[in-house]
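Subject: Handing over the structure

Dear colleague,

I am passing the structure on to you with this email, and below it I have written down what was found. Please keep the sequence and the 3D view open while you read.

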Amino acid sequence: MATIPSNGDGRGASGSARLLVVEDDEPFRRFVCSTLEKRTELQVIGEVSDGLEAVQKAEELRPDLILLDVGLPTLNGIEAARRIRKRSPQSKILFVSQETSTDVVQEALGLGAMGYVAKTNAGIELLAAVEAVFQGSRFVGASLTGHIPAELAERQVPQRLHSDEVVALPPKAGDG
């Protein structure tokens, strides 16, 4: 992963990027956090499972990046993103969701989100998406780009994606 630029916005002494993970499915949240924590320059500073708590934690922690699901209890991810934009405008937002309808993806990007990754592709695309966001690029997952207007997609995949960055998704409940 490219070096994440330091901008003096409260990152730790190590220069690591501070991330908030918002996901109501605990096994998937653990998967996201463990994937992110494989990179020493990424620090998960909070985990929450509903939209209202996401807004509160975003305002309290002022993370560099918020990984946000759409289908959340209490307050959906789209509405949470609207509120986060007002309360923590410096925080970048990357949606990681099973919701892949064109309308939802377009609305998320239209709110100013820097990217959107389908959960089914998170094992392949999550770290690439995080890297793209920190490079200042917008990232839209490969399975979504055909349905998104070019001005919203602007998908730029980092030049290198190592095979060791492709990780397996956790098994779904009921899977062997």
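In this predicted model, a good place to begin is strand S6, where valine 140 is the bridge partner of tyrosine 116. S6 covers residues 139-140, and two bridges join this strand to S5, the two running parallel.

S5 itself spans residues 115-118, and its side chains are worth following one by one: Gly115 and Val117 point one way, Tyr116 and Ala118 point the other way, and all of them are buried. This fits a general pattern, since in a regular strand the side chains alternate between the two faces of the sheet. S5 also runs parallel to S4, to which four bridges join it, and among these pairings alanine 118 in S5 is the bridge partner of serine 97. Between these two strands, the chain passes from S4 through helix H4, residues 102-110, to S5, in a β-α-β crossover that is right-handed. By contrast, the β-α-β unit made by S5, H5 and S6 is left-handed, so please look at that part of the model with care when you trace the chain.Stepping back to the whole sheet, you will find six strands in an open arrangement, in the order S2-S1-S3-S4-S5-S6, with parallel pairing. S2 and S6 are the edge strands, each of which pairs on one side only. Further in, S3 and S4 pair in the parallel sense over four bridges, and in S4 isoleucine 93 is the bridge partner of isoleucine 66. Helix H5 packs on this sheet and touches S1, S2, S3, S4, S5 and S6, while its direction makes about 170 degrees with that of S4.

What lies between these elements? The largest nonpolar core has 26 residues, and Leu36, Leu67 and Leu94 are those with the most contacts inside it. At least two residues of this core come from each of strand S1 (17-22), helix H1 (26-36), strand S2 (42-48), strand S3 (65-68), strand S4 (92-97) and helix H5 (122-134), and H5 gives the most, with nine residues. Apart from this core lies another, of 25 residues, including Leu20, Val48, Ile93 and Val105. In general, nonpolar side chains tend to be buried together in soluble globular proteins.

Helix H1 shows how one element takes part in this packing. Its residues Phe28, Arg29, Phe31, Val32, Cys33, Thr35 and Leu36 are buried, and the buried residues of H1 pack against S1, S2, S3, S4 and H5. If residues up to four places away in sequence are not counted, leucine 36 touches Leu19, Val21, Leu42, Val44, Leu67, Leu126, Leu127 and Val130.

One of those neighbours, leucine 42, lies in strand S2. Is leucine 42 buried or exposed? Leucine 42 has a relative accessible area of 6%, and because buried means under 20%, this residue is buried. The C-alpha atoms of leucine 42 and alanine 17 are separated by 5.0 Å, although the two residues are 25 residues apart along the chain.

Finally, a word on confidence. The protein chain has an average pLDDT of 83, and 74% of the residues score at least 70. Over residues 5-13, however, the pLDDT is below 50, and this stretch has 12 contacts in the model beyond near neighbours in sequence. The pLDDT also stays under 50 over residues 155-169, for which the model has 36 contacts beyond four places in sequence.

With best wishes

Methods. Residues are numbered from 1 along each chain as its sequence is written. This is a predicted model: local features need pLDDT of at least 70, side-chain atom pairs count only at pLDDT 80 or more; totals for chains, interfaces and linings use all residues. Side-chain values use heavy atoms; hydrogens and water are left out. A nonpolar core is a set of buried Ala, Val, Leu, Ile, Met, Phe, Trp, Tyr and Cys residues joined through side-chain atoms within 4.5 Å. Buried means under 20% relative accessible area, exposed over 50%, partly exposed in between (1.4 Å probe, protein chains only). Contact means heavy atoms within 4.5 Å. Two strands pair if DSSP finds at least two bridges between them. A crossover is right-handed if, with the strands pointing away from the viewer, the path from the first strand over the helix to the second runs clockwise. pLDDT is the predictor's confidence in each residue, from 0 to 100. Axes are lines fitted to C-alpha atoms, for helices over the stretch in contact, and angles run from 0 to 180 degrees between N-to-C directions.
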